[in-house]
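Colleague: Please take me through this model by question and answer, keeping to what can be read from the coordinates.

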Amino acid sequence: MADCLALLRRVGNDVVDVVYPPVCCGCGRLMGRHRAVCAPCWSTLHLIERPYCEILGLPFAHDHGEGAVSPAAIANPPAFDRLRSVAVHDGIARDLVHGLKYRDRTDLASMMAQWMIRASDGAVASADAIIPVPLHAFRLWGRKYNQAAELARAVAALSGRAYLPATLYRIRRTAKQVGLGAKAREDNVRGAFAVAESGKQSLMGKRIVLVDDVYTTGATVSAATRALKRAGAGHVTVLTFARAMSDLI
């Protein structure tokens, strides 16, 4: 019976490959397997790896020693405890984010989540729960799904951590952040998040991983973190797939 099931599975996979051949997630080049990236696209991926700021995850041009903190984190300590991201928001990383966010490529979430778990620097493994940055209900209705929730769900499923999508929500509809400066982004999302009464018990003293697709100025995840900490969260790590940045420190 087991051999028959295995044979049927292989046949089914072969049929799927004929109808939906495996292609590069970035450029569409034919590949040997699904959810893969070709060599040319991979060459555009700028992974964020150590050495980096222990708090903000900003890459250092030189190794400043274990636990080194960037001037930015000292001068303006963030609301969250740590930030980790997979890659700089350009090349294939930007293409994957745009595919998930704007082109209904929810199939990319699982692959992206695997990279995010690796980049989390142990934060996912030690987390009590995974929470996505929520969309306002009106925007969710228009977009059909929340890309941050797709990533958070995949991270939770792959890691075995609790997934709490209904704990944090937006209490007011905000303007789109794209095109706004840092101060305008901060003003736009100030007080935009709240924690459901039913979810406060699950946050008390817990280690939370807050998931979003891209980190730009930090305004959105900072506002969300403040809501989580007001509700009792003990530690919040922000985990994104990409982050906007220009130079190394």
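Modeller: The model is a predicted one. A convenient place to start is the end of H9, which is followed by Gly 232.

Colleague: What is the phi of Gly 232, the residue that follows H9?

Modeller: Gly 232 comes after helix H9. Its phi has a positive sign, and the value is near 115°.

Colleague: How does the reach of H9 stand against the expected span?

Modeller: H9 has 12 residues, and at 1.5 Å a residue the expected figure is 16 Å. From the first C-alpha to the last, H9 is close to that expectation, reaching 17 Å.

Colleague: How many of the 12 residues of H9 are buried?

Modeller: The buried residues of H9 include Ala 219, Val 221, Ser 222, Ala 223 and Ala 224. Ala 227 and Leu 228 are also buried. H9 is largely enclosed by the rest of the structure, because the number of its residues that are buried is nine of the 12.

Colleague: Is Thr 225 buried or exposed?

Modeller: Thr 225 lies in H9, which spans residues 219-230. Beyond four places in sequence, it touches Ala 79, Phe 80, Leu 210, Val 236 and Val 238. Its relative accessibility is 0%, so Thr 225 counts as buried.

Colleague: What is the relative accessibility of Thr 220, and which residues is it in contact with?

Modeller: Thr 220 also lies in helix H9. The cut-off for buried is under 20% relative accessible area, and Thr 220 counts as buried because its value is 13%. Leaving aside neighbours within four places in sequence, its contacts are Val 133, Arg 170, Gln 177, Val 189, Phe 193 and Asp 212.

Colleague: Which strands does the chain join by way of H9, and what is the hand of the crossover?

Modeller: S6 and S7 pair in the parallel sense over eight bridges. One pair of bridge partners is Ile 208 and Val 236, the latter in S7. The chain passes from S6 through H9 to S7, a β-α-β crossover that is right-handed.

Colleague: Which strands stand at the edges of the sheet?

Modeller: The sheet is open, has five strands with parallel pairing, and follows the order S1-S7-S6-S2-S3. A strand with a single partner has one side left without a neighbour in the sheet, so the edges are S1 (82-88) and S3 (162-163).

Colleague: How many bridges join S1 to S7, and how many join S2 to S6?

Modeller: S1 and S7 (residues 235-243) run parallel, and Leu 83 has Val 238 of S7 as its bridge partner. S2 (residues 129-132) and S6 run parallel as well, with Ile 131 partnered by Leu 210 of S6. The count is six bridges for S1 and S7, and four for S2 and S6.

Colleague: Why is strand S6 described as largely enclosed?

Modeller: S6 covers residues 207-215 and has nine residues. It is largely enclosed by the rest of the structure because its buried residues number eight of the nine.

Colleague: Which element supplies the largest share of the largest nonpolar core?

Modeller: This core has 36 residues, of which Leu 96, Ile 130 and Phe 241 touch the most other members. At least two residues each come from S1, H4 (91-102), H5 (109-119), H7 (147-159), S6 and S7. The largest share is seven residues, and it comes from H5.

Colleague: What covers the buried residues of H5?

Modeller: Among the buried residues of H5 are Met 111, Met 112, Trp 115 and Met 116. Three of these names, Met 112, Trp 115 and Met 116, recur among the residues that Phe 241 touches. The cover includes H2 (39-42), S1, H4, H7, S6 and S7.

Colleague: Where is the positive phi after H5, and what is its value?

Modeller: The residue in question follows H5 and is Asp 121. Its phi is near 60°.

Colleague: How many disulfides does the whole structure have, and how far from Cys 27 is the nearest cysteine sulfur?

Modeller: A search of the whole structure finds zero disulfides. Cys 27 counts as partly exposed because its relative accessibility is 45%, whereas Cys 53 is buried, at 0%. A disulfide needs sulfur atoms within 2.5 Å; the sulfur nearest to that of Cys 27 belongs to Cys 38, at 3.7 Å.

Terms used:
Residues are numbered from 1 along each chain as its sequence is written. This is a predicted model: local features need pLDDT of at least 70, side-chain atom pairs count only at pLDDT 80 or more; totals for chains, interfaces and linings use all residues. Side-chain values use heavy atoms; hydrogens and water are left out. Buried means under 20% relative accessible area, exposed over 50%, partly exposed in between (1.4 Å probe, protein chains only). Contact means heavy atoms within 4.5 Å. Two strands pair if DSSP finds at least two bridges between them. A crossover is right-handed if, with the strands pointing away from the viewer, the path from the first strand over the helix to the second runs clockwise. A nonpolar core is a set of buried Ala, Val, Leu, Ile, Met, Phe, Trp, Tyr and Cys residues joined through side-chain atoms within 4.5 Å. The expected span of a helix is 1.5 Å times one less than its number of residues.
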